[in-house]
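Biologist: I would like to learn how to read a two-chain model step by step, from the overall fold down to single residues. Could you take me through one?

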Amino acid sequence: MINNTTQAFKKATQERRWQVFGISLMVFTVVILVATLYLSVSRRVAESGRRIQDLENQYVDLHQNINRLNVQLGELSSVRQMQERANNLKMSLLKPEESLYVELPGYQSSADLNLAPPADADTISSPIILPEYTRTLWDALLDILQANGVQQP
Amino acid sequence: MKKIDFESRYHIVFLLLILPAVVFFFKMIALQNSDKTKAVLETSEQYQWVRETILPDRGNIYDSQGRLLAGNTTVYEVGIDLYTIKQPETVANVLSEILDLERSFVYELATYVSPETVIVRYVVVKASASEEEVNRIAAVMADYKTRTYKNNETPLSLAGVAWKTYSQRSYPESDLASNLIGMHYFLDRTTGSGHYGLEEYYDTLLKGSVVTNANAIDPRLVGPQKEPIHGGSLILTIDRDIQAMSEKALDDAIKWSGADGGTILIYNPEDGSILSMATTPRFNLNEYWNFAKILPERRPFNSAIGQTYEPGSVFKVLTMAAALDQGTITPESTFNDLGYYYMGGINITNWDHGAYGLVDMTECMQYSLNTCLAWISDELGPDQFYNYMRSYGLDRNTGIDLAQETHWPLTVPGDSQWYEVTLGTNSYGQGISVTPIQMVMAIGAVANDGKMMLPHVVKATIIDGQQHEVDPVVVGSPIKAETAHTLTGMLVNSLQRESSAALVEGYSLAGKTGTGQIPTVFGYDEHHTNVSFVGWGPAEDPKFLIYIWLEKPAISIWASEVAAPVFSDVASKLVVLMNIPPDSVRLGTGQNQENR
């Protein structure tokens, strides 16, 4: 079979030889191109994956850091610490008879404590990721068709 | 023999080669689809992913001003990877020294050999190491790597030592309001739950939800990670400064009076919010494992809600309110006190065994006459009396949002333990057991136009980043507003007339002492009492109600001598912390404070 192929190649014209060689080279080039593209995309995906993992780890670290600092702040401003500081500054709690009350027109005592928006607040939810990045090609085509007044299948 | 031509031989060779290929092809398909292959594929899938359980943050607890009472800090779990450890001796030496552990314990872990049934790759050396400890380990690790070793010296190595961060419950105020907050068993990371107080009552809200993520080892397979649902947070009605003040006042009072223990409750009768709840003993919540050693046996975690006692004369407020409301008596009604009142075959006497003659109802309260109150209850009748007691909520838990609340069943006519004289003794707070929180809720009706508010500790919750306010709840209206005002006026007068040690200069306060005898298996204890005081103010628009209970004080058995001065001390500090000006300023009736 190999001999037959060799014989056929030897008997072929110069033009035909170049044709076979060209086609083979083209196939080889296409394979190389596809492989390169695959490797390139894979590399980018892997890089992005690692970056996502890094960012997630950073997020967890930051979250824990915020919690830790909040507790630290709580400890530094705890009653015990504040009393110690007040004592060092020779301060003491006022007695009722020592107090002086002055009327301030228009003064309003501090409002209720709000550590978060109220439950019934109208919060405008804006998507962080634009729909262009999340919808499929099919969705996009349907949107275009709908925009042009074409009925959906 | 016929000679086989070239072409036939060629076909035979071709068939001999193609047949195994065909067999291989079909075998390959069969193998691909066999159960064993599927199992192998599934197993290999598992090795591509690492399952990681992410624990949510437990919700924070803030006081009414937004100051942190319970949060989460970062701790480090230090462990050893048994596959990569090279020098168990070095690891044991370094870790035992830095982490303050027994060297033999660390060495045992470092040389741990897995049993045949389970493969152990990682062992925990210390579950919650501090940042400083981990930094020291890292520094030693770096030093070993950069150190120059002589030719024949083996380089030191801490290979295999690893650490991981965890979120852990932390209480920055340590023992402040410990009996109210409760505790989270944080050493048990995965199943640790809240115990006692708020940590138990709101455990479901505070704990959040755990998620388990499958993390791809191959970075190309990294996908979106599920976030754990962090626990909701609580904003309390408790004011940290008022809590600290009342705890100090309680500790000072116990020290001064030689009492066994005590409770100080400060309550806003207008909406039922608890401003402070101080009890003893307290302990550092960051070392919760010590609480069993500190808490005496059979003593509840929070005596304000978990311990019943016979309150004595503070209970007269409720009897008087019932009789006034029912119209059985008026403030001007008189009672001729002969020093005893015969009821159910028994003579009820006064606390000092004295006879006070003709007295009106304000004087009855002023002199705290048992005989007078027994007469009132007799006039009111058992049905009405116990109906009022039920409407005050004394036959059930108040429903405060704290775990482990209790109550003593109310003994009523028809019960085997109820006798005719029980009505008389109940009228002045003996033979009836209540918790301080029950008394606060019931007497709160007198301070709040007859409306009884549900005591609560949580002002708002924060869930999914939104604040949900807790609305005050009216439990009932056991008495009319008019009755409440009349009785408040009577109690203001009675305090002023007796020049009580409970008074605070410049403020009109209503109040009542209570000396309660302590029942034992051999009758009432003759040497010890429970002393109480309930007071509220400013009388015309009460902003606070203070309830004080000291157990078995040593310096005196009388509430007027022990509990009343403590009330005065707490109230005088409270008006400053709550910014309540004196009557003269508030009502604009007296000298301007600016002239002082």
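Modeller: What follows is a walk through a predicted model, beginning with one chain, passing to the contact between the chains, and ending with single residues.

Biologist: How many helices and strands does the secondary structure of chain A come to, and in what order do its elements run?

Modeller: Chain A has five helices and zero strands, and read from the N terminus its elements follow the pattern α-α-α-α-α.

Biologist: What share of the residues in chain A is buried, and what do carbon and sulfur atoms supply of the area that it exposes?

Modeller: A residue counts as buried when its relative accessible area is under 20%. By that cut-off, buried residues account for 12% of the 153 residues in chain A. The chain exposes about 13800 Å², and 61% of this area is supplied by carbon and sulfur atoms.

Biologist: Let us turn to the contact with the other chain. How much area do chain A and chain B bury between them, and how many residues does each bring to the contact?

Modeller: About 3800 Å² is buried between chain A and chain B, with 55% of it on carbon and sulfur atoms. The contact involves 41 residues from chain A and 54 residues from chain B. On the side of chain A, the residues that lose the most area to chain B are A:Pro96, A:Tyr101 and A:Leu113, which together make up 18% of what that side buries.

Biologist: How many salt bridges and polar contacts are counted between the two chains?

Modeller: There are two salt bridges between chain A and chain B, and 15 residue pairs are in polar contact, with both residues at pLDDT 80 or more. One of the salt bridges joins A:Arg68 to B:Glu131, where the closest N and O atoms are 3.4 Å apart. Among the elements of chain A, helix H2 (14-76) and helix H3 (79-88) each supply at least two residues of the side that touches chain B, and the largest share of that side, 18 residues, comes from H2(A). By residue type, the same side of chain A divides into 22 nonpolar, 12 polar and seven charged residues.

Biologist: Now for the inside of chain B: why can helix H14 of chain B be called largely enclosed by the rest of the structure?

Modeller: The reasoning goes residue by residue: helix H14 (residues 370-380) of chain B has 11 residues, and nine of them are buried, so the helix is largely enclosed by the rest of the structure. Among those buried residues are B:Leu373, B:Trp375 and B:Ile376. Just after H14(B), the backbone at B:Gly381 takes a positive phi of about 90°.

Biologist: Which residues does B:Thr319 touch, and is B:Thr319 buried or exposed?

Modeller: B:Thr319 belongs to helix H12 (residues 316-326) of chain B and is buried, its relative accessible area being 0%. Leaving aside residues up to four places away in sequence, B:Thr319 touches B:Leu373, B:Ile376, B:Phe385 and B:Ser427. Two of these partners, B:Leu373 and B:Ile376, are themselves among the buried residues of H14(B).

Biologist: Where in chain B should I look at the backbone with care, beginning with the peptide bonds that are cis?

Modeller: The peptide bond from B:Thr280 to B:Pro281 is cis, with omega near -10°, and B:Pro281 sits in the loop between strand E11 (273-279) and helix H10 (291-294). The bond from B:Gly537 to B:Pro538 is also cis, with omega near -15°, and B:Pro538 is placed in the loop between strand E21 (523-537) and strand E22 (544-551).

Biologist: And which residues other than glycine have a positive phi?

Modeller: Two examples are B:Ser174, with phi near 45°, and B:Ala177, with phi near 55°. B:Ser174 lies in the loop between strand E5 (161-170) and helix H6 (178-181) of chain B, and B:Ala177 lies in the loop between E5 and H6 as well. B:Ser174 is buried at a relative accessible area of 14%, and B:Ala177 is buried at 3%.

Biologist: As a last case, what does B:Ser560 touch, and how far apart are the C-alpha atoms of B:Ser560 and B:Gln48?

Modeller: B:Ser560 is part of helix H19 (residues 559-577) of chain B and is partly exposed, with a relative accessible area of 37%. Not counting residues up to four places away in sequence, B:Ser560 touches B:Ala501, B:Thr513 and B:Pro565. The C-alpha atoms of B:Ser560 and B:Gln48 are separated by 76 Å, the two residues being 512 residues apart along the chain.

Definitions and conventions:
Residues are numbered from 1 along each chain as its sequence is written. Chains are lettered from A and ligands numbered from 1 in the order in which they are written. This is a predicted model: local features need pLDDT of at least 70, side-chain atom pairs count only at pLDDT 80 or more; totals for chains, interfaces and linings use all residues. Side-chain values use heavy atoms; hydrogens and water are left out. Helices (H or I, at least four residues) and strands (E, at least two) are DSSP runs, numbered from the N terminus. Buried means under 20% relative accessible area, exposed over 50%, partly exposed in between (1.4 Å probe, protein chains only). Contact means heavy atoms within 4.5 Å. Accessible areas come from the Shrake-Rupley method with a 1.4 Å probe; for residues, only the protein chains shown count as cover. Buried area is the accessible area (1.4 Å probe) that two parts lose on being put together, summed over both. A salt bridge is a side-chain nitrogen of Lys or Arg within 4 Å of a carboxyl oxygen of Asp or Glu. A polar contact is a pair of N or O atoms within 3.5 Å; within protein, one must be able to donate a hydrogen and the other to accept it, and residues adjacent in sequence count only if both atoms are side-chain atoms. Ala, Val, Leu, Ile, Met, Phe, Trp, Tyr, Cys and Pro count as nonpolar, Asp, Glu, Lys and Arg as charged, and the others, Gly among them, as polar.
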